Amino acid sequence: GRFDRQVVVNTPDAKGREEILKVHSRAKPLASDVDLSVLAKTTSGFTGADLENLMNEAALLAAKKGQKKINMKDIEDSVIKVIAGPEKRSMKVMAGPEKKSRVVTPEEKKLTAYHEAGHAIIHHVLPHCDPVHEVSIIQRGRAGGYTLSLPKEDKNYVSKEDMLDNIVSLLGGRVAEKLVLDDISTGASNDIERASKIARDMVTKYGMSERLGPISFRSDNDEVFLGMSYSHSRDYSEEVAAEIDGEVRRIIEDSYKRCTDILTETMAK
């Protein structure tokens with residue numbers, strides 16, 4: 001028959017994550033250095049399934065090393081392997097295991113190092129960015145390197161300043177490449193894609209554009225399984241569409257300039 005109740009299950013808070021981790025680590029031999037309460041605080045935004053996957057990955061990693069117990073380092077490496085993205089960790093990034101055997105040219109290594117340093121410095125300088133947890137220039141999966149930041153606390157809302165600082169941090173790699181090497185690479189493609197999505201959501205979804213005002217330009221009637229390009233119908237004019245594009249461009253350009261100023265000032269670091 002018909003089920004007319006909606007049950008909302010949000011992502012667990014720190015206490016909930018600790019309890020879930022206890023469930024999924026019950027049958028696993030943990031070393032004395034494993035502290036599930038610390039792990040719960042550093043996995044903000046993880047769902048129950050993410051946490052189960054995390055513990056399973058840690059067990060596999062420990063087994064590959066021939067260990068009889070899972071230590072904290074195994075779990076931290078597994079956190080990096082399955083990371084969720086910036087907007088409440090909805091975008092999964094499969095970083096994969098480290099590939100230390102891969103031959104990397106000095107030029108490639110230098111580019112990756114400056115790219116990730118650009119991200120790290122912006123995260124360190126801007127007050128609304130999550131603190132940096134780890135930076136690596138060792139390839140994982142398809143990623144040449146990564147800068148992993150973890151939130152200090154659970155958040156139910158994201159402010160406009162949070163989103164603007166996040167865009168600046170995502171552009172840090174591209175700007176660093178340009179400033180130091182006077183060239184740019186394809187390594188920033190995912191960063192640019194994510195920054196553009198945040199800027200467009202600010203304008204069309206959250207009403208954060210002063211020029212267009214607190215209006216939503218998103219339709220809830222999209223056929224998701226077909227994709228936006230086939231089914232998305234606009235309920236606004238071409239002129240408004242052009243204004244939206246202009247606002248998105250302005251946000252990205254302002255963020256790029258802000259990022260350039262910060263990295264220029266902190267170049268010695």
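These legends go with close-up views of a predicted model.

**View 1. An aromatic pair, Phe217 with Tyr236, set edge-to-face.** The model has one aromatic pair. The ring centres of Phe217 and Tyr236 sit 5.4 Å apart and the planes meet at 85°, so this is an edge-to-face pair. Phe217 comes from the loop between α8 and α9, and Tyr236 from the loop between α9 and α10, so the pair ties together parts that are 19 residues apart in sequence. Both residues are buried.

**View 2. Helix α8 and what it packs against.** With 16 residues, α8 should span 22 Å, and its end C-alpha atoms are indeed 22 Å apart. Its buried residues include Ala195, Ile198, Ala199 and Met202. The helices that the buried residues of α8 pack against are α5, α6 and α10.

**View 3. A salt bridge between Asp74 and Lys65.** Here the N to O distance is 2.9 Å. Asp74 is buried, at 0% relative accessible area, while Lys65 is partly exposed at 44%. The model's salt bridges number 13.

**View 4. A salt bridge between Lys178 and Asp182.** For this pair, N to O comes to 3.7 Å. Lys178 is partly exposed, with 40% relative accessibility, and Asp182 is exposed, with 59%.

**View 5. A salt-bridge network with Glu247, Arg250 and Asp254.** Within it, the closest N and O atoms of Arg250 and Asp254 are 3.1 Å apart. Arg250 and Asp254 both belong to helix α10, four residues apart, or about one turn of the helix. Arg250 is partly exposed at 37% relative accessible area, and so is Asp254, at 43%.

How values were computed
Residues are numbered from 1 along each chain as its sequence is written. This is a predicted model: local features need pLDDT of at least 70, side-chain atom pairs count only at pLDDT 80 or more; totals for chains, interfaces and linings use all residues. Side-chain values use heavy atoms; hydrogens and water are left out. Rings of Phe, Tyr and Trp (its six-membered ring) pair if their centres lie within 6.5 Å; planes under 30 degrees apart count as stacked, over 60 as edge-to-face and the rest as tilted. Helices (H or I, at least four residues) and strands (E, at least two) are DSSP runs, numbered from the N terminus. Buried means under 20% relative accessible area, exposed over 50%, partly exposed in between (1.4 Å probe, protein chains only). The expected span of a helix is 1.5 Å times one less than its number of residues. Contact means heavy atoms within 4.5 Å. A salt bridge is a side-chain nitrogen of Lys or Arg within 4 Å of a carboxyl oxygen of Asp or Glu.
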